[in-house]
Amino acid sequence: MAYRPSKKFKKTLLGSGAVVVLAALNAPAAVSFAEEKYHAYKIAQPGYRKQFGSWAEVDVPAEYRINAIHAALLHTGKVLLIAGSGNDQKNFDAGTFETILWDPARNTFKKIPTPVDFFCSGHTQLPDGRLLVAGGTARYEVLGDGVEKAGGGMRVKNESPDKAVTLKKGTVFRSPSGIEYVSKFDVTVPKAKREFEISYFKSGQMKPWETKVTAAESRVFVEARKAGPQALTTEAAQYEVVGLKGEEADNVYGLAQKLTTEKQDFQGIKGAYEFDPKAERYIPVAPMKDARWYPTLVTLGDGKVLAVSGLNDVGDVVPGDNEIYDPETKKWSRGPFRYFPTYPALFLTKGGKLLYTGSNAGYGPAEKGREPGLWDLEKNSFTKLGGLTAPDQLETSASLMLPPVQDQKVMVLGGGGVGESPKSTARTSIVDLSKDSPVFTDGPALPQGTRYLSSVLLPDDTVFTSGGSEQYRGRSGSDILKAQFYDPRTNAFTEAAEPTVGRNYHSEALLLPDGRVATFGSDPLFDDKDNTKLGTFEQRIEVFTPPYLHQAGTDRPALGEGPRELDQNGRATFRTADAGRIVKARLMRPSAVTHTTDVEQRSVELGLTKGQDGKTVTVAVPQDRTLVPPGWYMLFVADANGIPSEAKWIQVGEG
């Protein structure tokens, strides 16, 4: 559709601004100014907005602007924005950790006391509507040229079966040659394991009980007391714990293989908390066994949570020791062992297996744990899935389950090479898990190679994608100010209105209960194309209004009175004056997103029947909890034109 400026607009532009237009013949800046004015005019027109949607910046008071690293929609309709230290070493050193609660309906903000550094933690929705947040930052990375003292992981052993041992931060470990290293954190080592065995003489007579003791072990990061090459070592050695006496000194000791001045990576924490949306505060729960930084948390069909991967307390990728959180007991237990790079994208599929799309963010070797596949948790078996184009460019790619979830189709979009690779891909791929032997097949390409793409499910069964950058962390001014809609029914992209705020690393997007999409964050390395000006974190919030809301105006279908939970048959009935126009219903699970990783969101097709009086609609939710994990969902209904209602919140399963 062509758009022509009004006579008044032309007169303004060519009358009082004639000098500018004439100067434009020789001044590119003036041309740019005129183009910007016309572009602003064009995108403000009702016809444009009905076709492409529109963007608007949120007014955020200065005291509430934070480096949003994580974003989660709560069943109160508010959005939890977590910064922690916000990728700011000074904030970390000062113990300044931030969380903001934003109410998009009223555009109000509230500061939430933040107990630990949740920067680069994991999170997931729990059945009762609380948000589980686990892991975060214990120590910022130190690059090789900034490492002054040798350091690394110390394995602390305890051979006493009678008591656990806690060594405080600052404990000294002394090498056989007398070099001393200091622990940077508290560490608790459990009691050794005592096992009783019965054995027999050759004659067949029973021997007395014999005791076998297996030492317990924990890790802690240590650093040399003094700088200098004498503290460097790559040979295994046993270290005494200075200050311990007698039997305790014999039972407790350190083992280290490699203490160097190489780059020291971020280190994770074990802490876990539930955020209570009603009390609007963090509540501590049992810590994880392993420290985790950059972990993925995914809710399973029984409401328990699997925590996977992350950097541990010495900065190594957790080698495969995964954990399961029980919301009933508030405790963790051992999960199935399997290695993944950090922030792996894991989706609960029909039947209970987890699909690993290969999407991930950040850390792990290029040759390990990168192949997509189906993970059977009960058998702890992994079936690889082939067919994926550009499999070496899955880092910082986006993944999501296409709507509706019953179709069991999952899409991977964009991505780049491992680490700071300049590679990026426009590839999209789709796998249909309903097939006997599923493989990935190529979908339509993105407009260009894209990392950090935000992808959000909409209640009209389309996918909205926006932002990202072509290069690592937006280098060389490579932020992509474009947005698209993907329609699974046509397997095609169509254009959407362009955002005005660039989004790359540490950015998020999520669906709001009113049907809009909110976008947050971005953490570029540089703020200019020449890569000379260090980047600043993007603190603006920009909200996208989809075309369906512009088309509807104030005439949207609406749900009236109804329950907040399902009946014993998985049904809920709502009064409505719009029963005649409502043709479909969807449950939308609220997002909990970070680092382009959002394994929470899913769209569930519901059964729909109408009351004989024409004044009610009844929705029926699938009973399969692997399709609909327990928790709070947004219920949208829509008319034949795809115009959705505002959401009603409803709880599925036990909470």
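## Exercises: T260 and the cavities

T260 counts as buried because its relative accessibility is 13%; buried means under 20% relative accessible area with a 1.4 Å probe, protein chains only. The model is predicted: local features need pLDDT of at least 70, side-chain atom pairs count only at pLDDT 80 or more, and totals for chains, interfaces and linings use all residues. Numbering runs from 1 along each chain as its sequence is written, and side-chain values use heavy atoms, without hydrogens and water.

**Exercise 1.** Place T260 and find what it touches.

*Solution.*
1. Locate the residue. T260 sits in the loop between β18 (252-256) and β19 (267-268); strands are DSSP runs of E, at least two residues, numbered from the N terminus.
2. Check the side chain. It reaches the backbone nitrogen of E262 at 3.1 Å.
3. List the contacts (heavy atoms within 4.5 Å). Leaving out residues up to four places away in sequence, T260 touches K149, A150, G151, L232, T233 and T234.

**Exercise 2.** Describe the largest cavity and its lining.

*Solution.*
1. Take the volume. The largest cavity has about 120 Å³.
2. Find the centre. Of 16 lining residues, L453, S454, S455, V593 and T596 are the closest to it.
3. Assign elements. β30 (398-401), β34 (454-457) and β38 (507-511) each give two or more residues to the lining.
4. Sort by class. The lining has six nonpolar, eight polar and two charged residues.

A cavity is a set of points on a 1 Å grid over the protein atoms alone where a 1.4 Å probe fits but cannot get out; lining residues have an atom within 4 Å of a point.

Note on methods:
Helix = DSSP H or I, 4+ residues; strand = E, 2+ residues; numbered from the N terminus. Buried < 20%, exposed > 50% of the residue type's maximum accessible area, 1.4 Å probe, protein only. Polar contact = N/O pair within 3.5 Å; in protein donor to acceptor, adjacent residues only side chain to side chain. 1 Å grid on protein atoms, 1.4 Å probe; cavity = no way out; pocket = protein on both sides within 12 Å on 5 of 7 lines; lining within 4 Å. Points joined across faces, edges and corners; volume = space filled by probe spheres on them. Nonpolar A, V, L, I, M, F, W, Y, C, P; charged D, E, K, R; others polar.
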